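The following exercises concern the surroundings of a bound ligand. Please examine the sequence and structure before reading the worked solutions.

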Amino acid sequence: MNPIHPALINLPAPNTTFASDNSAGVHLAALQAIIDANTHHALAYGSDSWTQDVQKRFKELFGAQSESFIVWGGTGANVMALATLLQAGECVVCSDKAHIALDETGAPERALGAKLLTLPTNDGKIRPEQISQLSSLIGVQHHAQPGVLSITQATELGTLYTADEIRALTFEAKKLGMRVHLDGARIANATAALGGTVDTLRDFTVHAGLDVVCFGGTKAGLAFGEAVVYLNPEHARRAKYVHKQVNQLPSKMRFAAAQLSALLDNQLWLTLATHANQMAQRLYHATKDISGVSYPHAPAINGLFPILPRAAIEPLADWCKFWDWDESINQVRWMTAWDTTEQDVDRFAAGVRAILASQS
Ligand SMILES: Cc1ncc(COP(=O)(O)O)c(C=O)c1O
């Protein structure tokens, strides 16, 4: 650990980090839900009333035809969803910024035994013409066949697809016989940013032609627990078996299910995500005019991707932790979370101002 930089030494540090929404604590409602579910014995592997209750809740969100399965984490959710959709001889098509391609230690490739075909994107968003161009691969014996399109909402770069953009992608993918998966590790932040209602969620999922949605809970405020929601019940047929094969069947499932129910109660997932997004806006407005700070784009959700002078990055991150994003252009990532406070943001912005002033 380096000593605190002189420009920051007299400033009160934020009581948080801006490293990740994964670094945040657990919302009390989720902790309370774990305690409340701790009532003597309940059948394991999802044969409990908490799991059945949350599965009903997911049907209310995504429609009576949907089937949901509770899993431990986001990587596992993606692997499970892809494993149920992909067939032998096929590959998964995703963006070159996709978490499944860059940050899952090759888990999808290992579990699926399949290739991930990454498409170049500047902003993490795949364009429909990139899908139609895949038609040149179809039927060619020497190419893995594009079987599943995987998109992320909100993307790894904090950008958003509109419902129409997702519809256009699924339209092109289905023309090629592909299924479509959505990595929704930050689906709550995306929904909050795009309109903040259940209809907003349905518009870019159910009504946009997706087959499977991973609904993130951990970044939204839980200790653990996500849901893999099959919108097309045909794909859910083998999910029950894949669930355990990919090590995502929690035996005491009630404790994940109870947390997810707490998140869905009174739309807590939207309240918390709206707050995280607002804290990102506050940080953006407090820092965007500081000389030396530049933003390629304004934040759409709870992630900011500013470019800073190299010399400012290390002392600032030593004072209040955040991660580099693209070292080649001195771009960093600041993430807010459900528990970020206005005071945290204001203190951090004061630190950014101070470190840059000391170097000008
Ligand atoms: C977009 C996205 N998908 C999936 C994941 C994986 O989640 P987990 O870390 O719970 O495996 C993350 C985690 O950072 C993520 O950002």
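**Exercise 1: The ligand shell**

Determine how many residues surround the ligand and describe the shell by class and by element.

Step 1. The ligand is surrounded by 13 residues, the closest being Gly74, Thr75, His99, Asp183 and Lys219; a residue counts if one of its heavy atoms lies within 4 Å of the ligand. The model is predicted: local features require pLDDT of at least 70, side-chain atom pairs count only at pLDDT 80 or more, and totals for chains, interfaces and linings use all residues. Residues are numbered from 1 along each chain as its sequence is written, and side-chain values use heavy atoms, with hydrogens and water left out.

Step 2. Sorted by class, the shell comprises one nonpolar, seven polar (Gly is counted here) and five charged residues.

Step 3. Helix α3 (residues 74-85; a DSSP run of H or I, at least four residues) supplies the largest share of the shell, three residues.

**Exercise 2: Polar contacts and burial**

Identify which atoms of Gly74, Asp183 and Lys219 pair with the ligand, and state what share of the ligand's area the protein buries.

Step 1. Apply the criterion for a polar contact, a pair of N or O atoms within 3.5 Å.

Step 2. Gly74 places a polar backbone atom 2.9 Å from a ligand oxygen atom. For Asp183, a polar side-chain atom is 2.7 Å from a nitrogen atom of the ligand. In Lys219, a side-chain N or O atom lies 2.6 Å from an oxygen atom of the ligand.

Step 3. The protein buries 80% of the 390 Å² that the ligand exposes when taken alone (Shrake-Rupley method, 1.4 Å probe).

Key. Polar contact = N/O pair within 3.5 Å; in protein donor to acceptor, adjacent residues only side chain to side chain. Helix = DSSP H or I, 4+ residues; strand = E, 2+ residues; numbered from the N terminus.
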